[in-house]
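Work through the exercises below with the sequence and the structure open. Each task is followed by a solution in steps.

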Amino acid sequence: MTARLWSIAGAAAVLVLLVALPAFLREYSIALATKMLIFALFAMSLDLLLGYTGLASLGHAAYFGVAAYTVALLVVRAGVSSGLAFPAALAAAAVTGAVFAPLALRARGSYFLMITFALSQVVWSVAFGWRTLTNGDDGMPNVVRPNFGFSLDNTAAFYYFTLAVVGVATVLLAAIVRSPFGRALRGIRESESRMRALGFDVWRYQYVAFVLSAAFAGVAGALYAYYNRFVGPEYLYVIQSAEALIMVILGGAGTLIGPAVGAGVIVFLEDFISSLTQHWVLVLGVIYVLVTLFAPRGLIGLVNDARRRLSAK
Amino acid sequence: MTALTIDNVSKNFGGVAALSGISLDIESGERRVLLGPNGAGKTTLFHTISGNVVPSAGRIMLFGADITRLRPDRRARLGLARTFQITNLFPRLTVLESVLLALDGASGCGMRLVASPSNARVMDMQAHGLLERWGLAEASSRIVRTLSYGEQRQLEIALALAGKPRLLLLDEPTAGLSPAETRRVVAMVHELPRDMTIVMIEHDMDVAFELADRIAVMHLGRLIAEGDQAAIRSNQQVTDIYLGAE
Amino acid sequence: MTWLIHILNGLAFGMLLFLLAAGLSLIYGLMRILNLTHGSFYLVGGYIGLTVMQFTGSFVLALIAAVVVVALIGAVIERFFLRRFHLDELPQTLVTFGFLFIFSDLSLWIWGGNPLMLNVPHIFQGSVPMGYYSYPYYRLFLIAVGFVVAGGLWWFQERTRLGTMLRAGVDDAEIARALGINVSLLFTLVFAAGAALAAFAGVLAGPVLSLYPGADFEVLIFAFVVVVVGGLGSLRGALAGALLVGIIDDFGKAFFPQFALFTVFVPMAVILVMRPTGLFGRQ
């Protein structure tokens, strides 16, 4: 019982901290915190697929980027109101996932990784090459933030908007992974054949997980489009997908909170270390190697190990 | 009613005939044991029954329905359950979660993204009941891969039984178990309801003869003898194979 | 005649890709590791070759130095950072990615951000006349080297005991050990050999493509595409995939410059969707 109380207390403390943040941080840091939240959601969306269902995707940026481009195209090219573009972006990401899933699910393991990589690179090359539609490499600026009666141009206002959206999304994700559906996903991760022998239509579960994961990635992508007020092909590039993968692994796959923490840590470190030295890439690389050696189950794995050792005493 | 009809089933793996023209009828409620030396094709036959392998020829009927090409999960929903020769569990899940999954799978409820609390309570009780019966109650919150081999084999069987199957396939349920553990498994199988049909692959002759109503003996992919215990014991071919195989 | 030029260009580029893909495929086939550091081996090898050539003027020495140094680096990485994560894909991914970052920054630090090129070795300078055009000897040399290496690897795989072990995939380390194979040593050797092939490609590429920060990543993507199209773990697939990708890329750049990248990824996606294991991959 007390373990549960501690978790609730911890979650409440984090929530209070997140809400109070803008009061004692300067504008630059608030913006950074916003970016951390956005990528935390992106990482969690991938965790649903990778950590819970056992499918490692190297193409998750596709849904992130499709959502972002949907926002940009609707707002900049079609003059649609920014707020309306948001659900459209979500839908676009989900549809992309729904279309890619049957193709990718023809494979498992490394081959699944490769197909998702290939599919997202195709989307990237369309965004990169179709200059008349997307401006290609130059990207699309002037993406206006939604206006719900009050402007979100203020950094703190946008932070709270992001916090609300990410918060709702996190609650939904947590509910999904705790549900019987979530349990089934983990069963599939552990042994597909066992699940089939128990009567589960494994493909259908993987399909739904794939589409849900794409939808949540889309939410993050739309938020990022608003955040930068700009969308470019790098949103879709494999580097973005690889970053998401690294965030999940670093934080601890299959825990939801791990990838969120991993994302926050990486976004923060990228910013912090690059302000200290121009060799921040080197430092990051060393950190990744060290984390792998000392925390192979990710940062959350470290925390769990420490908790287990404490409770054993 | 015939629970399981295997009609002239053959299976070739790239030129190797794993099964050749196997025909078997298993009556509802029967306890059938499959005997045979290693490589006889017993597990392959199980795979064709459970749907993990599609036969090259022949038909398989479950309670009158042709399931020859049906997917494994569809067969499970028709009331078929199996254990695996090589333990096939969920290494990183807990024992309780494994049983809850087995109950979920059997309930045919479909995907549930939301769990109603009352439903969860009922399933929880069912799960604990199952674990009690199989002596795994204390282990319910343990992670599966930390269980001993014997406990894992017990869990294999418990998972297969969770859905109250009509046909149960047990693939070497006592393999690698201590005599005490074997006794327990045999006792459990004895206690299973008589309306459940059970087909077992066994190597332990004592267990086989204790549990079987009828026995089928396979060798090199063929069915070479079939009958009750007395018939099998007095079958010269069978003795030759087992003495020759030693 | 332009068609022939394009095909030759495609083959030359394809041969470089083959050297990379062969190493990547070899490593995957044996150890199930998707080596994200492979592009770094290429770039670092190229840079080392460049430096050696600047000091000694010898292309051969450059090749030897690059291959030896990078092979050693590869051996160290495998022995101390990868072996403990045998078959554990997530830590492997993170660690090879980390090294990609490390080498990327180190090479930028040491060799700077300007694109550098090696000098074409003396014997291969000049070109052979072909109708109205003339084609550089060096590129023909690349194509020849590619075939020689492919032949050598094929011979090694089909005719030597070590090769047979590799072909068997050594799916079960226990069985392999029971057969008397020193699995640990084999893993290190194969990883080092893969790295060496990448470095070899890096030096050979020096005179035709330039070496610059970011090339490691770009080349890794190409190598991935090749290995995916050809089939993970297959030497034949690496060759077929490499030549295919090389030629498609060249024609793509020539005839659809706007969609040049598209022309590589679309065939890749199509092939994968039809045959998820690639042209010659195993299930």
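**Exercise 1. Find out which chains touch, and how far apart the nearest C-alpha atoms of chain B and chain C are.**

Solution. The model is a predicted one. Start with chain B and chain C: they do not touch, and 15 Å separates their nearest C-alpha atoms. Two pairs of chains do touch, and of these, chains A and C have the most contacts.

**Exercise 2. Describe the side of chain A that touches chain B: which helices supply it, and what classes of residue does it hold?**

Solution. Step one is the count: 21 residues of chain A are in contact with 26 residues of chain B. Step two is to place them. At least two residues each come from helix 8 (180-190), helix 9 (192-197) and helix 10 (202-228) of chain A. Helix 8 of chain A gives the most to this side, namely seven residues. Step three is to sort by class: the side of chain A that touches chain B has ten nonpolar, six charged and five polar residues.

**Exercise 3. Do the same for the side of chain A that touches chain C.**

Solution. Here 35 residues of chain A are in contact with 34 residues of chain C. Helix 5 (109-129), helix 11 (238-251) and helix 13 (280-294) of chain A each supply at least two residues of this side. The most is given by helix 5 of chain A, with 13 residues. Sorted by class, the side of chain A that touches chain C has 27 nonpolar residues, seven polar and one charged.

**Exercise 4. Decide whether the radius of gyration of chain A agrees or disagrees with that of a compact globule.**

Solution. First take the expected value: for 313 residues, a compact globule would have a radius of gyration near 20 Å. Chain A has 19 Å, so the two agree. Along the principal axes, the C-alpha atoms of chain A fill a box of roughly 60 × 50 × 40 Å. The secondary structure of this chain comes to 14 helices and two strands. Of the 313 residues of chain A, 55% count as buried. Among contacts in chain A with a separation of 6 or more, 77% are between residues 24 or more positions apart.

**Exercise 5. Asn142(A) and Arg32(C) have positive phi values; locate each residue and classify its exposure.**

Solution. Take Asn142(A) first. Its phi is near 65°, a positive value in a residue other than glycine. Asn142(A) sits in the loop between strand 1 (140-141) and helix 7 (155-178) of chain A. Within 10 Å there are 9 other C-beta atoms, so Asn142(A) is exposed; the cut-off for this class is 12 or fewer.

Now Arg32(C), which is not a glycine either and has a positive phi of about 60°. The loop that holds Arg32(C) lies between helix 1 (2-31) and helix 2 (38-56) of chain C. With 19 other C-beta atoms within 10 Å, Arg32(C) is partly exposed, because the buried class begins at 20.

**Exercise 6. Work out the surroundings of Ala160(B): is this residue buried or exposed, and which residues does it touch?**

Solution. Ala160(B) belongs to helix 5 (residues 149-162) of chain B. It has 24 C-beta neighbours inside 10 Å and therefore counts as buried. Leaving out residues up to four places away in sequence, Ala160(B) touches Ala81(B), Arg82(B), Thr83(B), Pro165(B) and Leu168(B). Arg82(B) is 78 residues from Ala160(B) along the chain, yet their C-alpha atoms are separated by 5.7 Å.

How values were computed
Residues are numbered from 1 along each chain as its sequence is written. Chains are lettered from A and ligands numbered from 1 in the order in which they are written. This is a predicted model: local features need pLDDT of at least 70, side-chain atom pairs count only at pLDDT 80 or more; totals for chains, interfaces and linings use all residues. Two residues are in contact if their C-beta atoms, placed from the backbone, lie within 7 Å. Helices (H or I, at least four residues) and strands (E, at least two) are DSSP runs, numbered from the N terminus. Ala, Val, Leu, Ile, Met, Phe, Trp, Tyr, Cys and Pro count as nonpolar, Asp, Glu, Lys and Arg as charged, and the others, Gly among them, as polar. The radius of gyration is taken over C-alpha atoms; the globule rule is 2.2 Å times the number of residues to the power 0.38.
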